[in-house]
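Here is a short walk through one protein chain, from a single residue outwards to the empty spaces inside it. Keep the 3D view open while you read.

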Amino acid sequence: MNFELSEEIEELRKVVRKFILEEVEPVAMEIEEKNEIPAHIMEMTKELGLFGLSIPEEYGGLGLDMVGKCAIYEEIGKTHNGYTTLIGAHTGIGSVGIVELGNDEQKKKYLPKMASGEWIGAFALTEPSAGSNAANLKTTAVKKGEKYIINGSKHYITNAVDAHVFTVMAVTDPEKGAKGITSFIVEKDFPGFKLGKVEDKMGLRGSHSAELFFEDMEVPAENVLGEEGLGYVNALKILANGRAGLAARNLGSCEKLLDHSIKYALEREQFGKPIFEQQAVQHMIADMATEIEVLRSITYRVAWMTDQNQRVVKDASIAKLFGSEVYNRVADLAIQVHGGIGYIKEYPIERYYRDARITTIYEGTSQIQKNIIAAELKRQYT
């Protein structure tokens, strides 16, 4: 396995690191307070091409492989997680389906505008009765002539407020269960599309999640993504593809927390010396660093496997599971190292602590990842 990054990726990584440090970090508190990504940050993100990480160059994107994409995600993860999530959801599950499963016409129509950031992407699978059990979808799609009429709802959809293009899963054949689900490319201005309640979340300020309602929504037949009836399979592929990327974003956030913790421990004095000299603090920092390095190895190994077109269902779930659990443990230790100041909203540690919590839930809970890992192991042994 070779995780060495090309000169091109290393150069892009430096540019992104500089952008995150000098442009995004100074407005992190503004994002938190206003629950909005500043317009100038969005424009600079477009100029850097960060909306096109996953999209091939022929459609205006950067066309990065998974290892390269994880290197950039790692840098993006080192700032406000609301911004990180908006970019990650778009370049991950929001656009990967069209890149991997779309036909030529669909790619030509949607990918250039998604690569430029003119159109933001979102992935609409979760429903009130279909979260972890994605096969329990209630949203239906009935073909009438050259259109499908979709009725139903989705909730907790990341990027819902900002997105123009949605990958929507709906039931086309109720008699076939999971094999009767189909993927559709849906635009927000299709007749019958309605944006519902915008959720007020614990964290991820600046990343907007909302309900979607489809009331006799008309979708052209040419907007079926992939083959009819393979929507559930497509959803699993799209989610698996994004899990290494999510682990990389978590890795970046963990690295930032370790950086904050070491600097604080070296500056903060108690009993006449920096608290870094206290063995208890050293052990917490060592635990953080150890988990981070293990996460780094797992993340880039799965990314490499993805680029080699290997089956990564189990390994991607391991990366997602471990990455989200490590992020929560590292955030908890960072609070402990900082003491009372870590609990104050004025400082970033508290924000990371809240933002970390969702990572064990969205894009498949930790428990679902364990189910997938166990199922894959059973598959290998039987």
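Let's start with one serine. Ser-261 has a relative accessibility of 0%, and because buried means under 20%, this residue counts as buried. Keep in mind that we're looking at a predicted model. Ser-261 sits in helix H8. What does Ser-261 touch, once residues up to four places away in sequence are set aside? Its contacts are Ile-285, Met-288, Ala-334, Val-337 and His-338. Of these, Ile-285 and Met-288 fall within the span of helix H9, which runs over 279-307.

**The chain as a whole**

Zooming out, the chain has 12 helices and 10 strands. Its radius of gyration is 21 Å, close to the 21 Å that the globule rule gives for 382 residues, so the chain is as compact as a globular protein of that length. Along the principal axes, the C-alpha atoms fill a box of roughly 80 × 55 × 40 Å. Buried residues account for 55% of the 382 residues. If you take contacts between residues at least 6 apart in sequence, 73% of them join residues at least 24 apart.

**The annotated stretch**

UniProt, in an unreviewed entry, lists residues 6-118 as "domain: Acyl-CoA dehydrogenase/oxidase N-terminal". In the model, that stretch is 67% helix and 0% strand. The C-alpha atoms at its two ends are 28 Å apart.

**Two closed cavities**

How many cavities of 30 Å³ or more does the model hold? The count comes to two. Here they are side by side:

| Cavity | Volume | Lining by class |
|---|---|---|
| Largest cavity | about 60 Å³ | four nonpolar, six polar and two charged residues |
| Second largest cavity | about 50 Å³ | four nonpolar, five polar and three charged residues |

Which helix gives the most to the lining of the largest cavity? That's H8, with four residues. Helix H5 (81-91) and helix H8 (231-267) each supply at least two residues there. The lining includes Asn-81, Thr-84 and Thr-85, along with Leu-246, Arg-249, Asn-250 and Ser-253. Further along the sequence, Tyr-327, Asp-355, Thr-359 and Tyr-362 also line this cavity.

H8 turns up again at the second largest cavity, where the largest share of the lining, five residues, comes from this helix. Helix H4 (66-76) also supplies at least two residues, as does H8. Among the lining residues are Met-66, Lys-69 and Tyr-73, plus Asn-241, Gly-242 and Gly-245. Glu-363 is part of this lining too. Two names appear in both linings: Leu-246 and Arg-249.

**An open pocket**

Now for a space that isn't closed off. The second largest pocket holds about 210 Å³ of space. It is lined by 16 residues, and the closest to its centre are Ser-6, Ile-9, Asp-65, Val-67 and Gly-68. Helix H1 (7-24), H4 and helix H9 (279-307) each give two or more residues to this lining. By class, the pocket lining has six nonpolar, five polar and five charged residues.

**Pulling it together**

If you'd like one element to follow through the view, try H8. This helix carries the buried Ser-261, gives four residues to the lining of the largest cavity, and adds five to the lining of the second largest cavity. H4 is another one to trace, as it helps line both the second largest cavity and the second largest pocket.

Notes. Residues numbered from 1 in each chain as written. Predicted model: local features only at pLDDT ≥ 70, side-chain atom pairs only at ≥ 80, totals over all residues. Heavy atoms only, no water. UniProt positions renumbered as here; feature names shortened; annotations may be inferred. 1 Å grid on protein atoms, 1.4 Å probe; cavity = no way out; pocket = protein on both sides within 12 Å on 5 of 7 lines; lining within 4 Å. Points joined across faces, edges and corners; volume = space filled by probe spheres on them. Nonpolar A, V, L, I, M, F, W, Y, C, P; charged D, E, K, R; others polar. Buried < 20%, exposed > 50% of the residue type's maximum accessible area, 1.4 Å probe, protein only. Contact = heavy atoms within 4.5 Å. Rg over C-alpha atoms; globule rule 2.2 N^0.38 Å.
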